Amino acid sequence: KDEDPMRVLHALGLIRKTPSINRTSYLSKYLSELLTHQENIIKIESLKYISEYGDIALAANVRPLFRDPDLFVRKEALLTFCSLIGKDAVKDIKPFLNNKYTEIQSASIIALVKYCGLAGLLHASVQLQQLLESSEPNTRIEAIRVLESLGVESFYDPLVKFMDDSDIQVQLSAVKAAKSLCAPELIPHLYKKLDSPMTRQTASEAIIKCAEKHPKIIARLMDKTKEYPFIRKKLVQVAEKQGTLEDKQFIVSLIDDRDDNVRSAVYLTLINLRMMGYLFNIRKEILIKRLNMEIKTAYRFYLLRLDIKTNEAEDKLLKEVIEKREAKTINRIISLVVLLYPKLSSETIRRALLSGDTVLKSNVIELLDNTLEKNLKTILIPYLDGSKDKIKNCSINIFNIQSSDLKLKLQELLLQRDEWLKACALYYIAQRGYNIETAVLEELKIGR
C-alpha cells in the first residue's frame with residue numbers, strides 16, 4: 001500500500017521468497033487493489049503473482065484489464081485470466097486472436113495453447129499459422145516469440161526457415177527461441193549461425209541448452225564445435241552434471257585437447273566425477289605425458305615473465321596476462337597431479353601454493369617430493385621452489401628451452417591459440433617497433 005511503487009515491487013518480491021504460507025487468502029484484498037494501481041509495472045507484476053499462485057477468486061478483477069490502455073498490461077491480463085480459468089476462458093479470449101495489435105494476438109495464442117487444452121489449441125493454431133507466414137518481419141518475430149514462450153520441442157520446424165530469413169532480426173529471434181525449445185533437430189542449423197558474430201553468442205547458448213536437456217548428444221557436439229573452445233568448455237561442464245557414465249566417457253579423450261581452457265575444465269571435471277563415484281579408465285602414461293607438457297609451458301611463461309620489464313603500460317599489460325596464464329597452467333598441473341595420485345587433495349595443494357604462505361607452501365612441496373615419482377618431481381619441485389637458477393637450469397637441461405631473443409619469444413606467442421595473449425603480445429611488439437617475420441604475419445592474417 002506504499003505510495004512508492006518501487007517499495008511495492010520490493011514487497012511483492014519479498015513475499016515470493018517467504019516460507020510456504022497461505023499467501024492467496026491473505027493477499028487477495030491487496031492484490032485486487034494493486035490491479036487498479038496507477039503504475040503499469042505494479043499491475044503487471046500483480047498479474048504475474050496472481051497467475052503464479054492461482055487465486056481464481058481474482059479472475060473477475062483481472063477481466064477489466066483486457067481493455068487497459070497499456071498494451072503490456074493487456075497482454076499479461078490475457079495470460080493471467082487463462083491461467084486461472086483454464087478451458088472455460090476460450091470464449092473470452094477468442095475475440096483477441098484478431099486484435100489489431102500482433103502483440104495481443106500472440107498473447108492470446110500463448111494463453112489458449114498453454115492453459116485451454118485442445119479447444120484452445122484448435123482456435124489458436126490458425127492464427128499462429130497466419131503470423132508465421134506474414135510478410136512483415138515484426139509479425140514473424142512475434143510469431144517466433146509465441147513458439148519461444150510455449151517452449152514445445154516438437155514446434156521447432158518454423159525456426160529452421162526463420163534462421164535463414166532475409167531479415168537479421170528475425171534470424172536473431174529464431175536463434176534465441178531455439179534456447180527455449182532445445183530441439184536436437186535444430187543443432188545443424190545452429191552450427192551455421194556460429195559463423196556470424198551477430199548470432200554466435202546466442203547460437204552457442206542454444207547449443208548448450210540443448211545439451212543440458214539431451215546429454216546423450218554432447219559427445220557428438222564436441223566433434224562439431226572444435227573451432228569454438230568456449231562452447232566445448234561449457235559442454236564438458238554440462239556433461240559433469242548430466243547423463244550417465246556412458247554419456248561422460250568422451251571427456252577422457254579431451255585430456256590432450258589443444259585449448260587450455262577446455263583442458264582445465266576436463267581435468268577438474270574428471271576429479272569431481274571421481275569424487276562422485278564415476279571411475280574412468282585413464283592410462284597413466286597419457287596423464288604423465290600431458291603433465292610434462294603443462295610443466296614445460298609453466299617454465300616458458302616463467303622465463304618470459306622475467307624478460308619483460310614493467311616500466312611502461314604495455315609492459316604491465318603483457319606481464320599481467322602472462323602471470324594469469326601461468327597461474328592457470330599451475331592449476332592444470334595440480335589437477336593432473338591429483339588425477340595421478342588420488343589420495344592428494346587438489347584444493348589443499350592449490351591453496352598452499354597460491355596463498356603466499358611460505359610455511360604452507362614448504363609443507364606441500366615436501367608432500368609432493370615424498371609422493372611423486374622421481375621423473376616427475378625432478379622437473380616439478382624446482383619450479384615450485386621458485387629459485388631462478390634452478391628454474392633456468394631445468395629449462396635448459398631437461399626441457400631444452402634455450403635462451404633466445406625476446407623478439408623471437410614474442411613472435412612465438414603470436415602463434416598461440418590464446419587470442420587475448422596474442423593481442424597483448426602484438427600491442428607490445430607494435431609499441432616497440434619490432435619487426436614480425438613474414439610467415440608469422442601470414443598466420444595472423446588467416447586467423448589461425
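In this predicted model, the side chains of Arg290 and Asp256 form a salt bridge, with an N to O distance of 3.0 Å. Arg290 belongs to helix H18, residues 284–307. Asp256 sits in the loop between helix H16 (245–248) and helix H17 (260–275). The two partners are 34 residues apart in sequence, so the salt bridge ties together separate parts of the chain. Their surroundings were examined next. Arg290 has a relative accessibility of 8% and counts as buried, because the cut-off for that class is under 20%. Asp256 has a relative accessible area of 39% and is partly exposed.

A second salt bridge links the side chains of Asp369 and Lys377, at 3.9 Å from N to O. The limit for a salt bridge is 4 Å, so this pair is counted. Asp369 is partly exposed, at 33% relative accessibility. Lys377 is also partly exposed, at 25%. Elsewhere, salt bridges with shared partners form a network. Its members are Asp256, Asp260, Arg263, Arg290, Glu294 and Arg332. Arg290 and Asp256, the pair described above, thus appear within this one network.

A third pair lies within a single helix. Lys29 and Glu33 are both in helix H2, which covers residues 23–34. Four residues separate them, about one turn of the helix. Their side chains meet in a salt bridge of 3.3 Å, N to O. Lys29 is partly exposed, with a relative accessible area of 48%. The upper cut-off explains this class: a residue counts as exposed over 50%, so a value of 48% remains partly exposed. Glu33 is partly exposed as well, with 36%. Over the model, the count of salt bridges comes to 29.

Charge was also considered for the chain as a whole. The chain carries 69 positive and 59 negative charges. The mean positions of the two sets are 3 Å apart.

Attention then turned to Leu84. This residue is placed in helix H5, residues 71–85. Leu84 counts as buried, with a relative accessibility of 9%. That class applies because the value is under 20%. Leaving aside residues up to four places away in sequence, Leu84 touches Ile50, Gly54, Asp55, Ile56, Leu58, Ala59 and Val62. Glu52 is 32 residues from Leu84 along the chain. The C-alpha atoms of Leu84 and Glu52 are separated by 9.4 Å.

The overall fold was described last. The chain has 26 helices and zero strands. Among its 448 residues, 45% count as buried. The radius of gyration is 30 Å. For a compact globule of 448 residues, a value near 22 Å would be expected. Along the principal axes, the C-alpha atoms fill a box of roughly 85 × 50 × 50 Å. Contacts between residues at least 6 apart in sequence were also sorted by separation. Of these, 62% join residues at least 24 apart. The chain exposes about 23,700 Å². Carbon and sulfur atoms supply 51% of that area.

Definitions and conventions. Residues numbered from 1 in each chain as written. Predicted model: local features only at pLDDT ≥ 70, side-chain atom pairs only at ≥ 80, totals over all residues. Heavy atoms only, no water. Helix = DSSP H or I, 4+ residues; strand = E, 2+ residues; numbered from the N terminus. Rg over C-alpha atoms; globule rule 2.2 N^0.38 Å. Buried < 20%, exposed > 50% of the residue type's maximum accessible area, 1.4 Å probe, protein only. Contact = heavy atoms within 4.5 Å. Areas by Shrake-Rupley, 256 points an atom, 1.4 Å probe, with all protein chains shown as cover. Lys, Arg positive; Asp, Glu negative; His and termini not counted. Charge placed at Lys NZ, Arg CZ, Asp CG, Glu CD.
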